[in-house]
Amino acid sequence: MSLRTRTTAAAFCALALVSTAHAQTQAPAQMSTEATPLPPGDEFNALREPAAAGDAQAQFALADHYFRGVGVAQDYGQAVIWFRKSADQSYAPALNQLGYMHQHKFGLPQDYKRAVNYYRLAADKGYALAEYNLAGMFKAGLSVKRDYKQAFDWYRKAADQNLSQAEEEVGYFYHWGWGVKRDYAQALAWYRRAAGHGDSDAENQLGYMAEQGSGQPQSYAEAFSWYYKSAGHGNDEAMENIGYNFEHGIGVAVDYAKAMAWLYKAAALENSDAENQLGWMYQYGQGVKPNDSNAEAWYQLSADQDNIKGQNNLSALQEELEDGDGGESANEPVNDPAIEIVQRRARIRVLRAQITGLETDALAEDNSADELAHMGNNGKKKNGGIAKVMDAFGTVVSEKPLLEASQFREQAARLREELATLESLDQSTANVLVH
């Protein structure tokens with residue numbers, strides 16, 4: 001059962017931070033209620049002139065378009081340029097975004113120290129997302145000593161600005177006594193506040209507290225009510241919790257069919273606990289014919305996401321199979337079509353990360369080549385003759401990083417072809433409900 005299976009750096013919400021940032025910045029220009037939003041391409045073009053004129057908010061918005069590929073081809077290099085122009089004017093959302101890009105290696109080298117510095121600059125300006133991200137760095141101990149007290153303090157600052165994911169984190173810290181004295185009443189209050197702002201993780205946490213009777217009378221009915229609400233908002237952890245409870249008869253009668261249905265929904269969203277539970281159900285024939293091949297495949301998917309239970313179960317099953325103790329199902333073929341779908345989605349996730357990494361490495365090599373090619377203009381002023389000699393030398397030595405940049409892009413292009421094929425297949429099965 002998963003209480004909350006997010007990574008330790010739970011504050012890092014991928015691209016959502018970029019789009020969310022607009023709501024946290026200065027108020028947008030007032031529009032007539034009859035005005036129609038511009039199409040993405042027109043909006044991008046409308047931003048170019050004010051951005052070039054030095055408007056920090058327009059520069060940030062233009063960079064955001066490049067970063068997400070909205071209205072223009074995705075281009076991390078251009079995104080970095082415009083985010084930096086905006087950040088140079090101390091615009092907090094841009095400072096925060098540069099921190100995010102350094103942390104996750106989006107167009108910039110992965111550098112936790114720089115990420116922390118950018119987050120702190122933006123957080124010191126009271127920017128809620130930066131406060132939230134900085135808290136995550138202290139929580140995970142990335143470039144800073146792990147410090148739950150500081151993490152809590154920064155989460156609380158962001159929560160006081162009604163940032164729902166920060167409210168949920170404050171509740172979580174009170175729930176488990178991280179950096180603050182454990183207080184179930186406070187945990188419930190903050191979870192409810194976050195849930196009121198639409199945070200599905202908080203809804204799931206409220207379900208768990210109701211199930212456990214933490215700070216309130218135990219109520220399975222209330223627990224399931226929150227789990228179903230959270231699952232309805234697409235929360236894979238709530239889906240896994242529902243499936244687990246049906247599997248083990250927690251608050252409901254054991255119902256393997258319902259258990260598998262919910263676990264499949266969670267697994268389709270790559271929930272590693274659900275993958276592990278499906279492996280268990282296939283290994284021991286809970287509601288299905290035992291099938292060690294299916295079990296091994298599900299355990300492997302879970303283990304690939306560093307799920308300890310999945311790794312342990314995979315190891316134990318493989319030892320049994322090697323010793324010839326697998327039983328009648330040891331030689332059964334894999335016959336669960338959902339496995340192929342989840343394997344494909346896992347591969348898609350890996351490919352996207354690899355492509356982003358290669359594109360970022362290519363940009364780094366481009367920058368290195370540019371610096372080498374203009375050695376004569378770097379640092380202290382030099383006379384014309386020396387500068388020309390250094391530029392000529394730099395042009396020669398810059399060929400290696402340029403070649404490496406080209407190789408990185410070629411690798412990315414090959415992976416992008418594979419990604420396109422897999423994404424097309426995934427689209428064709430997106431609406432297929434397995435089991």
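This report covers the aromatic ring pairs of a predicted model and the lysines that sit over rings.

## Ring pairs overall

The predicted structure holds 23 aromatic pairs. Two of them are described below, one edge-to-face and one tilted. A pair of aromatic rings is described by the distance of the centres and the angle of the planes.

## Phe 152 and Tyr 174

Phe 152 and Tyr 174 pair edge-to-face. Their centres are 5.3 Å apart, with 85 degrees between the planes. Phe 152 belongs to helix 8 (residues 148-159), and Tyr 174 to helix 9 (residues 164-176), so the contact ties together parts 22 residues apart in sequence. Both Phe 152 and Tyr 174 are buried.

These two rings also belong to a cluster linked by ring pairs. Its other members are Tyr 132, Tyr 148, Tyr 155, Tyr 172, Phe 173, Trp 176 and Trp 178.

## Tyr 228 and Trp 262

The ring centres of Tyr 228 and Trp 262 lie 5.7 Å apart. Their planes meet at 55 degrees, so this pair counts as tilted; edge-to-face would need over 60 degrees. Tyr 228 sits in helix 12 (residues 220-232) and Trp 262 in helix 14 (residues 256-268). The pair thus links distant parts of the chain, 34 residues apart.

Tyr 228 is partly exposed, at 36% relative accessible area. Trp 262 is buried, at 17%.

## Lysines over rings

Trp 262 has a second partner: Lys 265 lies over the face of its ring, 4.5 Å from the ring centre. Lys 157 places its charged end over the ring of Trp 154, 5.6 Å from the centre.

Methods
Residues numbered from 1 in each chain as written. Predicted model: local features only at pLDDT ≥ 70, side-chain atom pairs only at ≥ 80, totals over all residues. Heavy atoms only, no water. Phe/Tyr/Trp six-rings, centres within 6.5 Å; stacked < 30°, edge-to-face > 60°. Helix = DSSP H or I, 4+ residues; strand = E, 2+ residues; numbered from the N terminus. Buried < 20%, exposed > 50% of the residue type's maximum accessible area, 1.4 Å probe, protein only. Lys NZ or Arg CZ within 6 Å of the ring centre and 35° of its normal.
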